[in-house]
Amino acid sequence: MKKQRRYAAAALSTVLAVAAALGAAAAVSSVGDRTKVLAIANDVPAGQPLTDADVIVAEVSADAALTPMPATDRASVVGKRPAVDLRKGSLLVAAQLQPGTGLGDDKQQVGVQVKRGQAPAAGSLVPGDKVLAVTVPGQGEQPTGKDGAEAPPTSVKAVVVSVSRPDASGAVVVNLAVASSDGPLLATRASSGRIALVRDVRSGS
């Protein structure tokens, strides 16, 4: 009986040792089965070109459910414009990048800083929105027509490319795509801080 017990104990020890070895091998294999992919280092709004500083290389476990871009594609993504907002720490997926954003890539772009109250509330403007960039009268000015009546404000049609986060005063910078004939005009008006934005009706609204 004692010999049988010793044999049983030895056999159990062997089984446990083999199981431990297999477990360790599986763990090593799992750790080693990692791949280098691209991740986002900074928040990047839709339409804003990616810079080298915006993209980093990360190592993740291989997962068929994840389809991040491989690290070898890093050079090719720099300069491309994402079609959606990219958040710091997220993995970069090819579907987030398009040859063109569709947000006025064939037009001139003008950055317009608008004060609180001169554009829809934060979050109301998104890339792709059609807006009117309306010239706001200067202090003490009141445009009038020939008959003395108030003249309609002048405006430029534009498409929102990207919107910055509000600063401490609530002002935001909105990148607008406009026709080439309107770019210099809008830039001149924007430089004086006299632009207000009116969002057009969205399709399906």
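This is a short walk through the predicted model shown above, from its sheet to its cores and then to its salt bridges.

Let us start with the sheet. Five strands make up an open sheet, ordered β3-β6-β5-β4-β7, with antiparallel pairing. At its edges sit β3 and β7 (195-199), each of which pairs on one side only. From one strand to the next, the twist averages 45 degrees.

A few residues help you trace the pairings by eye. Strand β3 is joined to β6 (residues 172-178) by 7 bridges, and the two run antiparallel; here you can find Gln108 standing opposite Val178 in β6. At β4, Val131 is a handy landmark. On the β5 side, its bridge partner is Ala158, while in β7 the partner of Val131 is Arg199. Strand β4 is joined to β5 by 5 bridges, and 5 bridges also join β4 to β7.

Now bring helix α3 into view. This helix, residues 183-191, lies across β3, β4 (130-135), β5 (155-163), β6 and β7, and runs at about 20 degrees to β3. Leu186 shows the contacts at the level of a residue: leaving aside residues up to four places away in sequence, Leu186 touches Val110, Val112, Ala133, Leu176, Val178 and Ile195.

Those contacts lead naturally to the packing. The largest nonpolar core holds 18 residues, and Val112, Leu176, Leu186 and Leu197 have the most contacts inside it. Two or more residues of this core come from each of β3, β4, β5, β6, α3 and β7, with β6 giving the most, 4 residues. Apart from this core lies another one, of 10 residues, including Leu50, Val55, Val77 and Leu92.

Val55 gives us a way over to Lys88. The two are 33 residues apart in sequence, with their C-alpha atoms 9.5 Å apart in space. Lys88 belongs to the loop between α2 (74-77) and β3 (108-114). Is Lys88 buried or exposed? Lys88 is exposed, because its relative accessible area of 62% is over the 50% cut-off. Beyond residues up to four places away in sequence, Lys88 touches Ile40, Ala41, Asn42 and Asp43.

Asp43 takes us to the salt bridges, of which the model has 3. Arg87 forms one with Asp43, the closest N and O atoms being 4.0 Å apart. This pair links distant parts of the chain, 44 residues apart: Arg87 is in the loop between α2 and β3, and Asp43 in the loop between β1 (34-40) and β2 (55-61). Arg165 also forms a salt bridge with Asp43, with 2.5 Å between the closest N and O atoms. Because Arg165 lies in the loop between β5 and β6 and Asp43 in the loop between β1 and β2, the pair ties together parts that are 122 residues apart in sequence. Asp43, Arg87 and Arg165 are thus linked in a network of salt bridges. Within this network, Arg165 is exposed at 59% relative accessibility, whereas Arg87 is partly exposed at 44% and Asp43 is partly exposed at 33%.

One more pair completes the tour. Asp52 forms a salt bridge with Arg74, the closest N and O atoms being 3.5 Å apart. Asp52 lies in the loop between β1 and β2 and Arg74 in helix α2, so this pair ties together parts that are 22 residues apart in sequence. Asp52 is partly exposed, with a relative accessible area of 47%, and Arg74 is partly exposed as well, at 26%.

Key
Residues are numbered from 1 along each chain as its sequence is written. This is a predicted model: local features need pLDDT of at least 70, side-chain atom pairs count only at pLDDT 80 or more; totals for chains, interfaces and linings use all residues. Side-chain values use heavy atoms; hydrogens and water are left out. Buried means under 20% relative accessible area, exposed over 50%, partly exposed in between (1.4 Å probe, protein chains only). Contact means heavy atoms within 4.5 Å. Two strands pair if DSSP finds at least two bridges between them. Axes are lines fitted to C-alpha atoms, for helices over the stretch in contact, and angles run from 0 to 180 degrees between N-to-C directions. A nonpolar core is a set of buried Ala, Val, Leu, Ile, Met, Phe, Trp, Tyr and Cys residues joined through side-chain atoms within 4.5 Å. A salt bridge is a side-chain nitrogen of Lys or Arg within 4 Å of a carboxyl oxygen of Asp or Glu.
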